[in-house]
Amino acid sequence: MKFKTFILAMACASSLAPQAAFAEDDNVLAYVRILGDTFELQIQAIEYVLAEGGVYTSNAVRHSMDILSTADMLNYVVGKEMSKPERAVDMDKWPWSTREEFVKLSEANWQAAKDLVGITENWVATGNNAGVAEGVQHLRRTCEACHSGDNSLNK
Ligand code: HEC
């Protein structure tokens, strides 16, 4: 009887342990989704300002700084919190397969966001928007590099 209880306790412990880890990963993913939505709206704001021209142009730098700041947060999360992305997500549905690749893609995203800050600063300073659309497209490509396949943002 005692032995059976022991076996039962072991079975419960082993089935509960991985669940606890997944719950933690779910929290990280929920948070990363919020960062993703933040990115999306800030990018749309720059695209809007670019299309409309005029009055909101000076905000383009602020929006790109917000994107850079969000990219900083994503870097922090993938570098520190998401120690095992392969445990948190279905790897078959993502274009990366190791944590190193994941971190690299996040850093490329950060670099594109940093470049966009420079490009929009130049736009606001000179009034010349050459390169802004390309900067935004380049940024979007770094998003897609991490998202492509089943998680593509272009669906
Ligand atoms: C290093 C990888 C990586 C990069 C770079 C990245 N994302 Fe994500 N993104 C994720 C992950 C992981 C999730 C969470 C997905 C999930 O929960 O299944 C996510 C979630 C999202 C979501 C929410 C999707 C949903 O289902 O709610 C959006 C929108 C999004 N990202 C947009 C972007 C945009 C725009 C960029 C570029 C500025 C970007 N992402 C860059 C990995 C990345």
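The paragraphs below lead from the surroundings of the ligand to a pair of helices and then to a single residue in this predicted model.

The ligand is surrounded by 20 residues, and the closest of these are Gly-36, Ser-106, Asn-109, Cys-143 and Cys-146. Three helices, α1 (2–52), α4 (99–126) and α5 (132–147), each supply at least two residues of this shell, and it is α1 that gives the most, with 8 residues. By character, the residues of the shell around the ligand divide into 12 nonpolar, 5 polar and 3 charged.

Two of these helices, α4 and α5, also meet each other: their axes come within 9 Å and cross at roughly 170°. Because angles over 145 degrees count as roughly antiparallel, α4 and α5 are described as roughly antiparallel to each other. On the side of α4, the contact is made by residues including Leu-105, Ala-108, Asn-109, Ala-112 and Trp-123, while α5 contributes, among them, Val-132, His-138, Leu-139, Cys-143 and Cys-146. The residues of this contact of α4 with α5 divide into 13 nonpolar, 5 polar and 1 charged.

A further point of interest is Ala-71, whose place is in helix α2 (residues 59–81). Ala-71 has 25 C-beta neighbours inside 10 Å and therefore counts as buried, since the cut-off for a buried residue is 20 or more. If its neighbours within four places in sequence are left aside, Ala-71 is in contact with Asn-109, Trp-110 and Ala-113. The C-alpha atom of Ala-71 is separated by 9.4 Å from that of Gly-36, although the two residues are 35 residues apart along the chain.

Terms used: Residues numbered from 1 in each chain as written. Predicted model: local features only at pLDDT ≥ 70, side-chain atom pairs only at ≥ 80, totals over all residues. Near = placed C-beta within 6 Å. Helix = DSSP H or I, 4+ residues; strand = E, 2+ residues; numbered from the N terminus. Nonpolar A, V, L, I, M, F, W, Y, C, P; charged D, E, K, R; others polar. Axes fitted to C-alpha atoms, helices over the stretch in contact; angles between N-to-C directions. Parallel < 35°, antiparallel > 145°, perpendicular 65-115°, else oblique. Contact = placed C-beta atoms within 7 Å. Buried ≥ 20, exposed ≤ 12 C-beta atoms within 10 Å, placed from the backbone.
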